[in-house]
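Please load the coordinates in your viewer and keep the selection panel at hand. The tour below proceeds stop by stop, naming what to select and what is found there.

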Amino acid sequence: MDDASVIIIGAGIGGLTAGIALTQAGYSVEIYDRVSELRPVGAGISLWSNGVKVLNALGLTRQMADIGGSMERMQYLSATGTLLNDIDLQPLVAQVGQCPYPVARADLQQMLLDAFPGQVHLNAKCIGVDQTEDKAIAAFADGRQATADILIGADGIRSTVREYVLEEAIAPRYAGYVNVNGLVPASSELADARTWVIYVGDHKRASMMPVGGDRFYFFFDLPLPEAAPPHPDGVRAELETAFAGWCQPVQNLIAAIAPDTANRLPIRDVGPLERFARGRVVLLGDAAHTTTPDLGQGGCQATEDAIVLARCLKAHLSVTDALKQYEADRVPRTGKLVLKARQRTDDIHGKDPAVTQKWYEQLASEPPEAVTGAIAKVILGGPLH
């Protein structure tokens with residue numbers, strides 16, 4: 001289908017990538033977001049090779065290299081600092097044909113904003129969606145309406161568009177843990193500047209990953225009841241208590257955190273869904289398949305959605321036929337990854353303590369090529385090989 005107009009609700013990774021892909025495919029695209037200022041949720045993201053390949057295909061190879069961190073190894077260590085596994089990522093790169101790029105979310109979002117030539121409308125909270133035989137319509141809280149041939153819901157885990165597509169509300173599912181994350185300056189007292197380090201123990205994780213600008217993206221995982229309130233003395237006090245007795249690099253990381261810049265996020269997921277489209281309205285990214293971050297595939301799957309959707313629209317004369325094809329292509333892959341990430345979340349965060357203990361033992365004995373092989377299998381299942 002050529003010369004169609006498109007409305008995208010949501011200016012996150014998925015919405016902006018879709019805006020770029022569809023603009024390059026010849027469509028007229030406008031993006032709407034409810035916020036007054038675009039501030040990404042979370043500090044960083046591990047963009048694995050399948051996501052990077054999508055952005056390369058959109059002409060952003062140099063820009064990604066500029067903002068991405070150089071990650072050559074992964075290391076798993078115990079809470080006391082004992083090395084469990086040291087994984088060279090170069091065999092993975094050779095197998096899949098592209099290095100991963102850990103990035104700061106703000107840098108990635110700004111790169112995508114710079115690459116999108118259309119208009120992004122802020123202060124535009126979508127409160128309802130409708131459609132006629134030949135148009136889709138978005139209604140906004142301030143009384144505005146926008147009309148186009150196609151409407152894409154890229155409006156995240158609490159999507160308004162999803163409720164329209166499914167004709168019911170879906171509540172996000174709490175995954176059992178809280179994630180504290182942020183950025184700190186890179187330092188040898190924390191980790192090697194080209195290595196992603198993950199400390200594990202007591203069903204928790206503490207991690208540092210290199211991103212651009214000589215920084216580490218860090219995160220801590222805290223298994224907690226859903227209703228558990230934040231520590232009354234703040235994030236640093238919560239981490240000092242939860243990770244008391246862990247090795248010195250973890251203590252150095254806690255000390256390096258600027259508490260007012262750290263994010264504290266209860267982790268939730270959505271799906272798998274059996275339906276992504278209704279007529280001229282379609283879901284993309286977290287609105288369609290919110291995964292826990294334990295596979296590092298959330299952002300990657302949003303970028304895959306974007307390029308597959310653009311391809312389907314170019315290949316079909318009918319919008320509804322194109323969206324049905326997109327749905328058929330994406331529902332199986334994303335659904336499997338939602339469940340795979342959920343299982344990994346349970347395995348490593350102590351839902352069954354015996355299973356988590358077995359995972360720790362596996363980390364210490366698993367050949368590095370088994371780890372990279374599993375990652376490669378996920379990457380090579382995407383639309384760009």
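Contact here means heavy atoms within 4.5 Å. The model is a predicted one.

**Stop 1: helix H7 and its surroundings**

Select residues 235-242, which form helix H7. Its buried residues are Val 235, Ala 237, Glu 238, Leu 239 and Ala 242. Which elements do the buried residues of H7 pack against? They pack against four strands and a helix named as follows: strand E12 (173-185), strand E14 (204-211), strand E15 (215-223), helix H8 (248-256) and strand E16 (263-269).

**Stop 2: an aromatic cluster and a charge over a ring**

Next, display the side chains of Phe 218, Phe 220, Phe 243 and Trp 246, which form one aromatic cluster. Add Lys 204 to the selection: its charged end sits over the ring of Phe 243, 5.7 Å from the ring centre. A further example of this arrangement is found at Tyr 27, where the charged end of Lys 314 sits over the ring at 5.9 Å from its centre.

**Stop 3: loops with notable backbone geometry**

Move to the loop between strand E13 (195-201) and E14, and select His 203 there. Its phi is near 70°, a positive value in a residue other than glycine. With a relative accessible area of 25%, His 203 is partly exposed.

Continue to Asp 214, in the loop between E14 and E15. Asp 214 is not a glycine, yet its phi is positive, at about 55°. Is this residue buried or exposed? Asp 214 is exposed, with a relative accessible area of 66%.

Then select Gly 271 and Pro 272, which are joined by a cis peptide bond with omega near 0°. Pro 272 belongs to the loop between E16 and strand E17 (277-278).

One more loop deserves a selection, the one between E12 and E13, where Ser 188 is found. Ser 188 counts as exposed, at 74% relative accessibility. Measure from its C-alpha to that of Pro 249: the two residues are 61 residues apart in sequence and 9.2 Å apart in space.

**Stop 4: aromatic pairs**

A search of the whole structure finds nine aromatic pairs. One of them is formed by Tyr 32 and Phe 140, a stacked pair with 4.8 Å from centre to centre and 25° between the planes. Tyr 32 lies in strand E2 (residues 28-32) and Phe 140 in strand E9 (residues 136-140), so the pair ties together parts that are 108 residues apart in sequence. Tyr 32 and Phe 140 are both buried.

For another pair, select Trp 359 and Tyr 360. Their ring centres are 5.7 Å apart and their planes stand at 45°, so this pair is tilted. Trp 359 and Tyr 360 are both buried.

**Stop 5: His 121**

Return to Tyr 32 and add His 121, a residue of strand E7 (residues 119-121). His 121 counts as buried because its relative accessibility is 14%, where buried means under 20%. Which residues is His 121 in contact with, leaving aside its neighbours within four places in sequence? They are Glu 30, Ile 31, Tyr 32, Asp 33 and Arg 144.

**Stop 6: helix H10**

Now select residues 298-315, helix H10. At 1.5 Å a residue, its 18 residues should span 26 Å, and the end C-alpha atoms are 26 Å apart, which agrees. Of these 18 residues, 14 are buried, so H10 is largely enclosed by the rest of the structure.

**Stop 7: helices H11 and H12**

Finally, show helix H11 (residues 319-348) together with helix H12 (residues 353-365). Two packed helices are described by the angle between their axes and the distance between the axes. Here the axes come within 7 Å and cross at roughly 90°. H11 and H12 are therefore roughly perpendicular to each other. On the H11 side, the contact is made by Arg 344, Asp 346, Asp 347 and Ile 348. On the H12 side, it is made by Val 355, Thr 356, Trp 359 and Tyr 360; the latter two are the buried residues of the tilted pair at Stop 4.

End the tour at Ser 365, also in helix H12. Ser 365 counts as exposed, at 57% relative accessibility. Ser 365 and Asn 85 are 280 residues apart in sequence, and their C-alpha atoms are 7.8 Å apart in space.

Technical notes
Residues are numbered from 1 along each chain as its sequence is written. This is a predicted model: local features need pLDDT of at least 70, side-chain atom pairs count only at pLDDT 80 or more; totals for chains, interfaces and linings use all residues. Side-chain values use heavy atoms; hydrogens and water are left out. Helices (H or I, at least four residues) and strands (E, at least two) are DSSP runs, numbered from the N terminus. The expected span of a helix is 1.5 Å times one less than its number of residues. Buried means under 20% relative accessible area, exposed over 50%, partly exposed in between (1.4 Å probe, protein chains only). Rings of Phe, Tyr and Trp (its six-membered ring) pair if their centres lie within 6.5 Å; planes under 30 degrees apart count as stacked, over 60 as edge-to-face and the rest as tilted. A charge sits over a ring if NZ of Lys or CZ of Arg is within 6 Å of the ring centre and within 35 degrees of the ring normal. Axes are lines fitted to C-alpha atoms, for helices over the stretch in contact, and angles run from 0 to 180 degrees between N-to-C directions. Angles under 35 degrees count as roughly parallel, over 145 as roughly antiparallel, 65 to 115 as roughly perpendicular and the rest as oblique.
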